[in-house]
Amino acid sequence: MRVGAASERVPERVADVRRIAVLRANGIGDFLFALPAIEALRAAYPDAQVTLLGSRIHAQLLAGRPSPIDRVIVLPPSEGVNVTDGPPVHPDVLDRFFDDMARETFDLALQVHGGGRYSNPFTRRLGARVTAGLKAHDAEPLDRSTPYVYFQSEISRALDVVALVGAEP
């Protein structure tokens, strides 16, 4: 049974949340499937700053538009998280990025970016107090995880993730 199923109790919200990171760095369509979950997250944590860790196109799309997202941080290319047509990024670039993210002091970091093989280690490196997200059989767990079910609606999958931190659809 899914975490967010109607017959299950949604876990309690995380206390004292001021800053939330949401990892969803793929295409616009995938981002749109995550919006109901991000709206639920905004409703559960109305005073928190919600940051989308995404791509340049997400930043352009959301600039000047109302949304549940307060800001977008454009990710550097990272294997398995976002794709680049260019040469591989030097590890120092990612190290600097994660140093910057640690200074952000995220209270929550949510991974709604796939099964977690690459995205869960990425999410952990953000340095958030609590991590939550999807977990396929070959992925390391986060603090709070829900199974990645391949033949599941993308919208339901993302809602299951935010339910892990007390956000109800």
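## Aromatic rings

Rings of Phe, Tyr and Trp (its six-membered ring) count as a pair if their centres lie within 6.5 Å; planes under 30 degrees apart make the pair stacked, over 60 edge-to-face, and the rest tilted. By that yardstick F97, F98 and F122 form one aromatic cluster. What you're looking at is a predicted model, where local features need pLDDT of at least 70, side-chain atom pairs count only at pLDDT 80 or more, and totals for chains, interfaces and linings use all residues. Residues are numbered from 1 along each chain as its sequence is written, and side-chain values use heavy atoms, with hydrogens and water left out.

The structure holds four aromatic pairs. One of them is F97 with F122, a tilted pair at 5.9 Å centre to centre with 35° between the planes. F97 belongs to helix α3 (residues 91-104) and F122 to helix α4 (residues 119-124), so this pair ties together parts that are 25 residues apart in sequence. Helices here are DSSP runs (H or I, at least four residues), as are strands (E, at least two), numbered from the N terminus.

Are these two rings buried or exposed? Buried means under 20% relative accessible area, exposed means over 50%, and partly exposed is in between (1.4 Å probe, protein chains only). F97 comes out at 8% and is buried; F122 is buried too, at 3%. Then there's the pair of Y150 and F151, with ring centres 4.8 Å apart and planes at 90°, so it is edge-to-face. Here Y150 is exposed at 60%, and F151 is exposed at 78%.

## The nonpolar cores

In soluble globular proteins, nonpolar side chains tend to be buried together. A nonpolar core, as used here, is a set of buried Ala, Val, Leu, Ile, Met, Phe, Trp, Tyr and Cys residues joined through side-chain atoms within 4.5 Å. The largest one in this model has 30 residues, and I20, L41 and Y45 have the most contacts inside it. At least two residues of this core come from each of β1, α1, β2 (49-54), β4, β5 (130-135) and α5 (154-163). Which element gives the largest share? That's α1, with seven residues.

Y45 is a good residue to zoom in on. Leaving aside residues up to four places away in sequence, Y45 touches R13, V14, V17, I20, L108 and V165, where contact means heavy atoms within 4.5 Å. Apart from the largest core lies another one, of 16 residues, including L53, L75, F98 and F106.

## Helices α1 and α5

Two packed helices are described by the angle between their axes and the distance between the axes. For α1 and α5, the angle is about 25° and the axes are 7 Å apart. That makes α1 roughly parallel to α5. Axes are lines fitted to C-alpha atoms, for helices over the stretch in contact, and angles run from 0 to 180 degrees between N-to-C directions. Under 35 degrees counts as roughly parallel, over 145 as roughly antiparallel, 65 to 115 as roughly perpendicular and the rest as oblique. The crossing of α1 and α5 is right-handed (the near helix is turned clockwise from the far one by less than a right angle; anticlockwise would be left-handed).

Where do the two helices meet? On the α1 side you'll find F33, A34, P36, A37, A40 and L41, and on the α5 side E154, I155, A158, L159 and V162. Seven of the 10 residues of α5 are buried, so α5 is largely enclosed by the rest of the structure. Those buried residues are R157, A158, L159, D160, V161, V162 and A163, and their cover includes α1, β4, β5 and β6 (144-147).

## Residues with more exposure

L32 also sits in α1, which spans residues 28-44, and at 47% relative accessibility L32 is partly exposed. Its C-alpha atom is 14 Å from that of A59, 27 residues apart along the chain. R56 lies in helix α2 (residues 56-62) and is exposed at 56%. From R56 to I69 is 13 residues in sequence and 15 Å in space, C-alpha to C-alpha.

Two residues have a positive phi although they aren't glycines: D16, at about 55°, and T105, at about 50°. D16 is in the segment before β1 (19-23), exposed at 65%. T105 is in the loop between α3 and β4 (108-111) and is partly exposed at 46%.
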